[in-house]
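Here is a short tour of a chain for your bench notes. Have the sequence and the 3D view open as you read.

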Amino acid sequence: NTMMVNWPSSLEIAVLREVYPKGTRVRLVEMNDPYAPPVGTEGIVFYVDNAAGININWDNGSSLSAIYGVDRIEKI
């Protein structure tokens, strides 16, 4: 039994980097992770990695990434 992972394309990553440049303020809408900050927590994007992880410095001190296509954040 193998699990297929749909890796984001280089175009998807480039678009994410345009939408979420360093310094963008975001708010957490949904994240299915036991270590996730509370919904509504705000933070600042510091980069988008090559796996489409949106790396965020959350205002509560967390630095957990939001995963494109899995987690939901909104620009504020």
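Accessible areas here come from the Shrake-Rupley method with a 1.4 Å probe. On that basis, the accessible surface of the chain is about 5,200 Å², and carbon and sulfur atoms account for 53% of it. Please keep in mind that this is a predicted model.

Let's start with the overall layout. The chain contains one helix and five strands, in the order α-β-β-β-β-β from the N terminus. Its radius of gyration is 12 Å, close to the 11 Å that the globule rule gives for 76 residues, so the chain is as compact as a globular protein of that length. The C-alpha trace spans about 40 × 30 × 15 Å along its principal axes. Of the 76 residues, 32% are buried. As for charges, the mean positions of the 6 positive and 9 negative ones lie 6 Å apart.

Now for two loop residues, set side by side:

| Residue | Loop | Relative accessibility |
|---|---|---|
| Threonine 24 | between helix 1 (10-19) and strand 1 (25-30) | 11%, buried |
| Tyrosine 35 | between strand 1 and strand 2 (42-48) | 68%, exposed |

Threonine 24 counts as buried because its 11% relative accessibility is under the 20% cut-off. What does threonine 24 touch, leaving aside its neighbours within four places in sequence? Its contacts there are Val19, Gly43, Ile44, Val45 and Lys75. In addition, a polar atom of the threonine 24 side chain lies 2.7 Å from the backbone oxygen of proline 21.

Tyrosine 35, by contrast, counts as exposed at 68%. Its C-alpha atom is separated by 23 Å from that of glycine 23, twelve residues apart along the chain.

Definitions and conventions:
Residues are numbered from 1 along each chain as its sequence is written. This is a predicted model: local features need pLDDT of at least 70, side-chain atom pairs count only at pLDDT 80 or more; totals for chains, interfaces and linings use all residues. Side-chain values use heavy atoms; hydrogens and water are left out. Helices (H or I, at least four residues) and strands (E, at least two) are DSSP runs, numbered from the N terminus. Buried means under 20% relative accessible area, exposed over 50%, partly exposed in between (1.4 Å probe, protein chains only). A polar contact is a pair of N or O atoms within 3.5 Å; within protein, one must be able to donate a hydrogen and the other to accept it, and residues adjacent in sequence count only if both atoms are side-chain atoms. Contact means heavy atoms within 4.5 Å. The radius of gyration is taken over C-alpha atoms; the globule rule is 2.2 Å times the number of residues to the power 0.38. Lys and Arg count as positive and Asp and Glu as negative; His and the chain ends are not counted. The place of a charge is taken as NZ of Lys, CZ of Arg, CG of Asp or CD of Glu.
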